[in-house]
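Open the model in your viewer and keep the selection tool at hand. The tour moves from one selection to the next and says what is found at each stop.

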Amino acid sequence: MMQSMAGLARRAGGAVVAAALLLPAGAQAQAQNGLSNLFGGIFSGSNPAPAQPTPGPNGAPTGALPWSGEDGASGHPLMTAAAIREAAGNFNNCVAAMWPDAARRGVTQENFQRFTAGLSPDLRIMDLMDSQPEFTKSIWDYLDILVNDNRLAKGREVLAKYKAQFDATEKATGVDRTIIASIWGIESNYSTQMGDRSVLQSTATLACIGRRQAYFKDEFLSALEILNRGDLRPEQLRGSWAGAFGPTQFMPTAFKRFAVDGDGDGRRDVVDNPTDLIASTANNLKKDGWQPGQTWGYEVVVPQGFNYMLADRAKAMPIAQWEKLGLKRPNNQPFPQPAEKAYLLAPAGAQGPGFLMLQNYRVIMKYNPAEAYALAIGHFADRLRGGQPFVQPWPRQERELSRTERLEMQQLLAQRGFYKGTPDGQFGGMTREALRNFQASIGAPADGFASSDVLDRLRGR
């Protein structure tokens, strides 16, 4: 589901999942599935409302904030207030002009007119699309919010209630049921927070207005195909501002690729049919390369003085080799398959726990390319199987840098010749590499962790 546009749409609250540092290079241009309601609350510092607002006549939720009327924060020419107003004025013509493309996809003229009649742009999406939160959550706060006792209890209820469906799907695909249940729980809090905007209206708005029109044109046309085929009804096709819908947050194009008719009723209903939902989510993971019988990764204790330049997704090696370098599981538990290849992730640097990540972790990151998200999914699944919380403490004394401070850090790294990108306050692999190289140059642990201490060192303090 997550093959493109990470951090733009999957959680409509913004691209920086947990700490922006945890996103890989390019992730802000790829994410697409849900978490929209939940993360809108996380990033603003408020709690998500459990109830869904009632949709208004144009598909936007009643009481939704209006468009600010301001230029977008991205600075893109199509996100200026003047460009948005001009495109909005041409919205009806833009939608009508997509009829030939819809016809080529098999959408009937009657259905095209029926489903597009009365569509109007939801310009509030322009603010959401270009939002750049000043503050983000740390990975430990993120995990505290998502992997909690109430959500785990609900997850165990779901696994028991739909045992037959999970049995059949696990047998057919080899995908671990607890991973599917984790995605369901974290994406929508088990169907209680799926988004309240019309997918058709949202994708039509984004197809005609703003900086990603070509991408969202495909999503809009795919949404029309879903309705034309009868898999879902218009009232079911509701979700995030960017068009992700259902309990595990499919984008329309992802639905086309991965949705399956699990119970043979002729419809692929990933919204209200648990059999189709479970089967389709598993099919997504299977097609993305899920390895049956393999876990996602292991918490590891990293020894003092370790060379954190090895903590890189591109530097995978057999677990046995990592053991020779001194990495161990907490309490000296053995690794079941020492020949498996893994890479080291140290999301909180030398001050926090390390993790050896296997192929299935990479598969979860295809679903959503944010390291914090994938770690939460894997850990949630372990807990559903009866596993314990992570053993090692997080550096909770550390505060997350503000966006202004992250931008300053990139600028200072660039001035010293370590950062080659364009400073934007959003951290990915390029920033992490620059931080490592700077830390190595001053004799500090080169763990790539963006702490306030590192910022002070860059400032010369």
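Which residues does Leu325 touch, not counting residues up to four places away in sequence? Select Leu325 together with Pro303, Phe306, Leu310 and Met317: these four are the residues that Leu325 touches once neighbours up to four places away in sequence are left out. Keep in mind throughout that this is a predicted model.

**Stop 1: around Leu325**

Leu325 sits in the loop between helix 15 (319-324) and strand 5 (341-345). Draw a distance from its C-alpha to that of Pro303: the two are 8.4 Å apart in space and 22 residues apart in sequence. Leu325 has a relative accessible area of 34%, so it is partly exposed.

**Stop 2: Thr281**

Next select Thr281, in helix 14 (residues 274-287). Is Thr281 buried or exposed? Its relative accessibility is 0%, so Thr281 counts as buried. Show the side chains of Ile180, Ile183, Thr248, Phe250 and Tyr367, which Thr281 touches when residues up to four places away in sequence are not counted.

**Stop 3: helix 11**

Select residues 199-208, which make up helix 11. How many of the ten residues of helix 11 are buried? Ten of the ten are, so helix 11 is largely enclosed by the rest of the structure. Among the buried residues are Val199, Gln201, Ser202, Thr205 and Cys208. Then step to Gly210, just after helix 11, where phi is positive at about 100°.

**Stop 4: helix 7 against helix 17**

Select helix 7 (residues 139-146) and helix 17 (residues 371-384) and hide the rest. Their axes are 10 Å apart, and the helices pack at an angle of about 40°. An angle from 35 to 65 degrees falls between roughly parallel and roughly perpendicular, and helix 7 and helix 17 are therefore oblique to each other. Their crossing is right-handed.

Now show side chains. On the helix 7 side, the contact is made by Ile139, Tyr142, Leu143 and Leu146; on the helix 17 side, by Ala372, Tyr373, Leu375, Ala376 and Phe380. By class, the residues of this contact are nine nonpolar, no polar and no charged.

**Stop 5: helix 18 against helix 20**

Switch to helix 18 (residues 403-415) and helix 20 (residues 452-459), whose axes come within 10 Å and cross at roughly 45°. Helix 18 and helix 20 are therefore oblique to each other. This crossing is left-handed.

Which residues of helix 18 meet helix 20? They are Glu405, Glu408, Met409, Leu412 and Leu413, and they meet Val454, Leu455, Leu458 and Arg459 in helix 20. The contact of helix 18 with helix 20 divides into six nonpolar, no polar and three charged residues.

**Stop 6: salt bridges**

The structure holds 24 salt bridges. Three of them are visited here.

Begin with Lys163 and Asp167, whose closest N and O atoms are 2.8 Å apart in a salt bridge. Both residues lie in helix 9 (residues 163-173), four residues apart, or about one turn of the helix. An α-helix has 3.6 residues a turn, so residues three or four places apart point the same way. Lys163 is partly exposed at 47% relative accessibility, and Asp167 is partly exposed at 29%.

Go back to helix 17 and select Glu371 with Arg432: their side chains meet in a salt bridge, at 2.9 Å from N to O. Glu371 lies in helix 17 and Arg432 in helix 19 (residues 429-441), so this pair ties together parts 61 residues apart in sequence. Glu371 is buried at 3% relative accessibility, and Arg432 is buried at 13%.

Finish with Glu225 and Arg105, a salt bridge with its closest N and O atoms 2.9 Å apart. Glu225 is in helix 12 (residues 213-229) and Arg105 in the loop between helix 4 (99-104) and helix 5 (109-116), so the pair links distant parts of the chain, 120 residues apart. Glu225 is buried, with a relative accessible area of 18%, whereas Arg105 is partly exposed at 29%. Add Asp218 and Lys256 to the selection to see the network of salt bridges that links them with Arg105 and Glu225.

Notes. Residues are numbered from 1 along each chain as its sequence is written. This is a predicted model: local features need pLDDT of at least 70, side-chain atom pairs count only at pLDDT 80 or more; totals for chains, interfaces and linings use all residues. Side-chain values use heavy atoms; hydrogens and water are left out. Axes are lines fitted to C-alpha atoms, for helices over the stretch in contact, and angles run from 0 to 180 degrees between N-to-C directions. Helices (H or I, at least four residues) and strands (E, at least two) are DSSP runs, numbered from the N terminus. Angles under 35 degrees count as roughly parallel, over 145 as roughly antiparallel, 65 to 115 as roughly perpendicular and the rest as oblique. A crossing is left-handed if the near helix is turned anticlockwise from the far one by less than a right angle, and right-handed if clockwise. Contact means heavy atoms within 4.5 Å. Ala, Val, Leu, Ile, Met, Phe, Trp, Tyr, Cys and Pro count as nonpolar, Asp, Glu, Lys and Arg as charged, and the others, Gly among them, as polar. A salt bridge is a side-chain nitrogen of Lys or Arg within 4 Å of a carboxyl oxygen of Asp or Glu. Buried means under 20% relative accessible area, exposed over 50%, partly exposed in between (1.4 Å probe, protein chains only).
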